[in-house]
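Reader: I'd like to learn how to read pockets and a few single residues in a model. Can you walk me through one?

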Amino acid sequence: MGAKEDGVQYLQENAKKDHVNVTASGLHYEVLKEGSGAKPGPTDTFEFNYRGTFINGKQFDSSFDRGQTIEFPLNGVIAGWTEGLQLMSIGSRYRFFIPYHLGYGESGAAGVIPPFSALIFEVDLIDVK
């Protein structure tokens, strides 16, 4: 099987788990810790930490490992993040399971993310600017 089929199969199994929520777009998310602060809006900038892995568990990026948070405008990230982060309150930690069509799509990203890859991100929302 290729990345597309592997991702579809993984997400079909993942959706059956009690602690995993699935949105209408196909984004899967798991609440690891619920915060109590504000939620980002579609044009807000947010500060966060994250760890990105492939569905096989191999890590491809981590701000935790670099020891520094990152800031991005919410409308400047992949669609799965834009949708998922608006569900989070400051202080939350969620795990996003992102199908390829809400991630880097059919083309992948800069030689790091292969085409059609489903991805997993653990995200801590630190602040909304």
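Reader: Let's jump right in. Which residues line the second largest pocket?

Author: This is a predicted model, so keep that in mind as we go. The general idea first: if you roll a probe the size of a water molecule over the atoms, you see where empty space is left. Here, the second largest pocket is lined by A3, D6, G7, F54, I55, N56, P114, S117 and A118. Its volume is about 170 Å³.

Reader: Which element gives the largest share of that lining?

Author: That's helix α1, residues 3–14, with three residues. By class, the lining of this second largest pocket splits into five nonpolar, three polar and one charged residues.

Reader: And what is the volume of the largest pocket?

Author: The largest pocket comes to about 260 Å³. It has 16 lining residues, and the closest to its centre are Y50, D61, W81, Y104 and F121. Strands β3 (45–54), β4 (59–62) and β5 (70–73) are the elements that each give two or more residues to this lining.

Reader: How many nonpolar residues are in the lining of the largest pocket?

Author: There are 14, along with one polar and one charged residue.

Reader: Let's zoom out. What pattern does the protein follow along the sequence?

Author: Reading along the chain, you get α-β-β-β-β-α-β-α-β-β. That makes three helices and seven strands. The radius of gyration is 14 Å, close to the 14 Å from the globule rule for 129 residues, so the protein is as compact as a globular protein of that length. If you want a box for the C-alpha atoms, take roughly 40 × 35 × 25 Å along the principal axes.

Reader: How about burial and surface: what percentage of the residues count as buried?

Author: Of the 129 residues, 44% count as buried. The accessible surface of the protein is about 6,600 Å², and 50% of that belongs to carbon and sulfur atoms.

Reader: What share of the contacts between residues at least 6 apart in sequence join residues at least 24 apart?

Author: The share is 69%.

Reader: Now single residues. Is T53 buried or exposed?

Author: For a single residue, compare its relative accessible area with the cut-off: buried means under 20%. T53 has 13% relative accessibility, so it counts as buried. T53 sits in strand β3. Setting aside neighbours within four places in sequence, T53 is in contact with K58, Q59, F60, L119 and I120.

Reader: P114 came up in the pocket lining. Where is P114 found?

Author: P114 is in the loop between β6 (93–98) and β7. With a relative accessible area of 39%, P114 is partly exposed. Not counting residues up to four places away in sequence, P114 touches F54 and G108. F54 is also one of the residues lining the second largest pocket, together with P114. As for Y10, 104 residues apart from P114 along the chain, the two C-alpha atoms are separated by 16 Å.

Reader: One last residue: what is D127 in contact with, leaving aside its neighbours within four places in sequence?

Author: Its contacts are T45, F46, E47 and I90. The C-alpha atoms of D127 and E47 are separated by 5.0 Å, though the two residues are 80 residues apart along the chain. D127 is found in strand β7, residues 119–128, and counts as partly exposed at 27% relative accessibility.

Conventions: Residues numbered from 1 in each chain as written. Predicted model: local features only at pLDDT ≥ 70, side-chain atom pairs only at ≥ 80, totals over all residues. Heavy atoms only, no water. 1 Å grid on protein atoms, 1.4 Å probe; cavity = no way out; pocket = protein on both sides within 12 Å on 5 of 7 lines; lining within 4 Å. Points joined across faces, edges and corners; volume = space filled by probe spheres on them. Helix = DSSP H or I, 4+ residues; strand = E, 2+ residues; numbered from the N terminus. Nonpolar A, V, L, I, M, F, W, Y, C, P; charged D, E, K, R; others polar. Rg over C-alpha atoms; globule rule 2.2 N^0.38 Å. Buried < 20%, exposed > 50% of the residue type's maximum accessible area, 1.4 Å probe, protein only. Contact = heavy atoms within 4.5 Å. Areas by Shrake-Rupley, 256 points an atom, 1.4 Å probe, with all protein chains shown as cover.
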